[in-house]
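User: I have a model open and would like to know how its packing terms are justified. Could you take me through them?

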Amino acid sequence: MKTVIYLYDRTVRAVVGEAGNGSVTIERVCVEEAPPLSIVNGQVTDEGAFGQFLKGFWERNQLPKKDVCLVVDSTQTAVRFFDAPRMPHRKMMRCLPGRFIGIERMQDPVYSCGCLEKDRKGREGREEARMYGAVMDRSFLREHVERFRALGIRLASVETALIAQLRFLSHLERLKDACCIIQLLDGMALLSILWAHGEMIHFSRTRLRGQGRSAQIGAGCAGALDPLLQFARTQKIDGKIREVYIGGLTESELKRCGQSICQLDPALQIHPFRDVTDGFLLWAQRTTESDLAGWEEGACEPGRIAAAIGGLLTCPGRQGLLFQYKRDPEMMARRKAIFRFYMPFLGTVALLTSVVAAQGARWFYLSGQVDRCLAQIADPQVLAGIARYDKLTEENTRLRERLQATEKVLSVMQTYPVMSTKIDQVVERCAEDLVTAKIISFQADRSMVLVSCSAEDEPSIHQFIDRLAAEEASFSGIRYTGFEYVESEQVWRLSVECYLRTPGGEEGQP
């Protein structure tokens, strides 16, 4: 899971989720209000109050402290869009400052760049890419980085809000071939984007004024649409702009806004921004009453958390603001000075290492020569014969052990009593026309078969015992303790122990 925190005005939003398989799964959305005037336009104005709030915000919502992405929206940042051919990263970073004109207010800027769209043909047929460049003042970025570091929160990347929002829009399948206008409202800041065929053509940012929420929002959105529609007509974009997707509004505000926009152009169709996020934006846990209430009030509406969702789609790399921030020019200069100072020492170490490596190689060579000499002294045929003899001896010993174990098993099996159907037949033959007999159990360790019988008279039992004793081929002995008369059944009962003869002819012990 990845955590994204979005800082702009008093409303602080954090999103926990992950991106993959063509969708974004949101686990949690945390929204709280910071102390008044503690953060304005992305700039922390009251360090103590905001620091305490941020610490409590993290603890109350139990947010992870690793793999955190910070998305910032502020006038302390600037973004430029341009088409450029493919070039190495270092060359792009050297050319990037030339794309920014009029940022002299930044004394120590930090630059980053990235690709929005690839495989575009330039004027001369060369392959170009739609690139963006972002710049942020180092002191402004340092304040945020140090603030999170003091709280034990490890930032993985820092992104500007506009780039995060555009990254989110570029992943939406329904906008791949659409020609439309997208408006995202964050507080009173309205971002309007002219979108055509999967890319951003033009954008504008305005701040709504006044206190009447619904009426002012409708007028502000309608007023921001007119310049974009005129720009679309001048650019001769393929396809007419007929759809407007608006996010960050409640249902009532969206209805009032649609009425105001229809007065501007009745042909425009107004849709909530969440219509284009269906299938891409998945909610893992939005089942509690508080989550549903947050959805209805607009706190979890995709338009308001678009920047935070875009942070889930960012990948930390050397083109990001945080990576470039860590490459402080002063620190890099100190490293170069230290490297120049230790250059003689490093050269000496390298020379000694090469000498030691050469000596080691010579030692391995001489060891190989000695091994080859020893191999020539020994007779290969004798060594082969010894190895074969050792192998045969080991195999002979193993076979002898197996043979002895087999013979032992066979000897035991020959002396072991055998209980088969033949014994059943003998008992049945002896009991025929005299008694009713059956074998109850067989005890192999005693070579004994226990037979139970019953008869109506006493002489029949005596004759049955005589017949069993006469079966000397099967039984080595017969033992019984007597018989008894069962009054309830009116029969004589007897239990006889018959000892079997072993296959070797040995008799069981009665």
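**Packing, term by term**

Analyst: Gladly! Let's start with one residue: L175 touches L169, C180, I182, W195, G198 and V276, leaving aside residues up to four places away in sequence. Contact here means heavy atoms within 4.5 Å. This is a predicted model, in which local features need pLDDT of at least 70 and side-chain atom pairs pLDDT 80 or more, while totals for chains, interfaces and linings use all residues. Numbering runs from 1 along each chain as its sequence is written, and side-chain values use heavy atoms, without hydrogens and water.

User: What makes a set of residues a nonpolar core, and which members of the largest one touch the most others?

Analyst: The members must be buried Ala, Val, Leu, Ile, Met, Phe, Trp, Tyr or Cys, joined through side-chain atoms within 4.5 Å. The largest such core has 44 residues, and L169, L175, I182, W195 and F273 touch the most other members. Helix α4 (residues 161-170) gives the largest share, 7 residues. Helices are DSSP runs of H or I, at least four residues, numbered from the N terminus. Another core, of 30 residues, lies apart and includes A34, F50, F53 and V68.

User: Why is α4 called largely enclosed?

Analyst: Buried means under 20% relative accessible area (1.4 Å probe, protein chains only), with exposed over 50% and partly exposed in between. In α4, 9 of the 10 residues are buried, so the helix is largely enclosed by the rest of the structure. Among those buried are A161, Q165, R167 and L169.

Methods. Helix = DSSP H or I, 4+ residues; strand = E, 2+ residues; numbered from the N terminus.
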